[in-house]
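Visitor: Could you take me through the sheet in this model, with its strands and whatever packs on it? I would like the cut-offs behind each term as well.

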Amino acid sequence: MQPNASEINILIVDDTPEHILMASAILKQCNYTIRAAHNGYSALKQIEIKMPTLILLDINMPDLSGYEVCRMIKENPDYKHIAIIFMTSSNHEESIQRGFECGATDYVVKPYHARELLARVNTHVKIVTQSLELTHAYKELDQFCHSVSHDLKSPLQVINQLCFMLGDQLDSPVSPSQEEIISRLHNKCDQVILMIERLLDFSKMTALPCSLDKVNLNTLFQTTISELLLLEGKRSITVTQDTLPVVQGDSSLLALLAQNVIGNAIKFTRTQATASIQIHYELQQHFHVITIQDNGVGFDSNYSNKLFHVFERLHTKEEFEGSGVGLAIVARIMKRHGGFVSITGALGKGATVTLKFPL
C-alpha cells in the first residue's frame, strides 16, 4: 500500500539554512509536510511535539553532532520506527559506517542530487509506513485472538460440566461403551481448554506491558529447574549449568520463558534412562548467549522453523503432552527483549535451544 503523503512528515536537521531550503524544495513536490530544526536540541524538541516519519540529519553541527542526536533518538523505544538518513558533505566510509552504527538507515551526500534524494526518502518512507501498518495489524490480530479465546473458554467449561452431569444421570452400572464416550468427551474438552489457555498466554505477550529491570538469570534458571524437577518423581535427570548473567528484562516474562524451555528439555528426555540437560553461557560481541542442550528424542532439523509457530507439533499428544504454543511464546518473549531464539536438533540425538540477549 502506498503511503498517504498528507500523513507523512519529514524533519530536516541542519545548521545551514541554505541546505534546509534546498532539501525542502526538492521534497515539496511529494506533498510531504516538511519541518526544520537548526540544531540537535531543537530537533529533539520537535520530535516530542510531533513524531516525524523520517529525519534528514546533518552530521556536523555545533551543539550536538548528528551521531549524538541519532543515538539519543534510537535509545527511545517510542521512536524506533523513525527512519534517519544522514546528510554528509563527503563520501567518507568511516563517517558513514559510524552513522549506521548509531542507528541510521541510509545516507545522502551533499550537495544533493534531486533524483537520489527523492528515491532514498520515498523508499524509507514506504518502509516505515508498511512497518507501522504491519505492527497495527499484528496488534489487532492479537486482540482478536485474545477475545475469541476468552469467549470460547466459558462454553467449553460448561460442556465439560454437562458431561459430568450426564454421567451422573446414567443408570448404574455404566456400560463400558458409555464410560468410554464420556471419558473421550472429558479429554477433548480438557485438550481444547488447554489450547485456549495457551492461546491466551500467547496473545498476552503483546498486551502485557514489558517492565524492564535487572534479572539474575542464574537464580531464575536454578529456581525453575528445582521446581520442575520436583514434578518428575524418581526420574534420573542430570542438569549442569554455567553461571548465567544478569540481563535487562521483565522478570515475569523471563520466568515464563525459562519454564517453557527447561520444561521442554525435561519432557522430551522422558524416554531416556538418564536425562542429561546442559545449560551453557558465552559472552559474544553484542549478545549474552545461553544454550540449553538435552539428550532427548530430538527432531528432524528440516522442520525447526515450524516449532516457533502456534500449535505446530512434531510429536503426537500420545507421545508427549502439550499444546504446541511453548516455543512460540519463547520467541515472542525474546523478541520483546530485543533478542533472538533458535533451535537445532536431530532425531534421537536431542535438541539445543539458543537464546541471545542483547548486551
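Guide: What follows goes from the chain as a whole to the sheet, and from there to the rings and the core. The model is predicted, so that local features need pLDDT of at least 70 and side-chain atom pairs count only at pLDDT 80 or more, whereas totals for chains, interfaces and linings use all residues. Residues are numbered from 1 along each chain as its sequence is written, and side-chain values use heavy atoms, with hydrogens and water left out.

The chain has nine helices and 12 strands (DSSP runs numbered from the N terminus, helices being H or I of at least four residues and strands E of at least two). Of its 359 residues, 41% are buried (under 20% relative accessible area; exposed is over 50%, partly exposed in between, with a 1.4 Å probe and protein chains only). Among contacts (heavy atoms within 4.5 Å) between residues at least 6 apart in sequence, 68% join residues at least 24 apart.

The sheet you ask about is open and holds five strands in the order E7-E9-E10-E12-E11, with mixed pairing (two strands pair if DSSP finds at least two bridges between them). Its edges are strand E7 (237-241) and E11, each of which pairs on one side only. Further in, E10 and strand E12 (residues 351-358) run antiparallel to each other over seven bridges, and here Phe 287 stands opposite Pro 358 in E12. Helix H7 (residues 217-229) packs on this sheet, where it touches E7, strand E9 (275-283), E10 and E12.

A search of the whole structure gives three aromatic pairs (rings of Phe, Tyr and Trp, the last by its six-membered ring, with centres within 6.5 Å; planes under 30 degrees apart are stacked, over 60 edge-to-face, the rest tilted). One of them joins Phe 100 and Tyr 107, edge-to-face at 6.3 Å centre to centre with 80° between the planes. Phe 100 is partly exposed at a relative accessible area of 36%, and Tyr 107, at 21%, is also counted as partly exposed. In the sheet itself, Phe 287 and Phe 340 are edge-to-face because their ring centres lie 5.8 Å apart with the planes at 65°. This pair links distant parts of the chain, since Phe 287 belongs to strand E10 (residues 287-294) and Phe 340 to strand E11 (residues 340-345), 53 residues apart.

Phe 287 has a charged partner too: the charged end of Lys 356 sits over its ring, 5.9 Å from the centre (NZ of Lys or CZ of Arg within 6 Å of the ring centre and within 35 degrees of the ring normal). Over the ring of Tyr 107 sits the charged end of Arg 120, 5.5 Å from the ring centre.

The largest nonpolar core (buried Ala, Val, Leu, Ile, Met, Phe, Trp, Tyr and Cys joined through side-chain atoms within 4.5 Å) has 36 residues, of which Leu 217, Phe 221, Ile 292 and Leu 355 touch the most other members. Two or more residues each come from H7, helix H8 (251-267), E9, E10, helix H9 (326-336), E11 and E12, and H8 gives the largest share, nine residues. Setting aside neighbours within four places in sequence, Phe 221 is in contact with Gln 241, Leu 244, Ala 258, Ile 262, Ile 279, Ile 292 and Leu 355.

Definitions and conventions: Axes fitted to C-alpha atoms, helices over the stretch in contact; angles between N-to-C directions.
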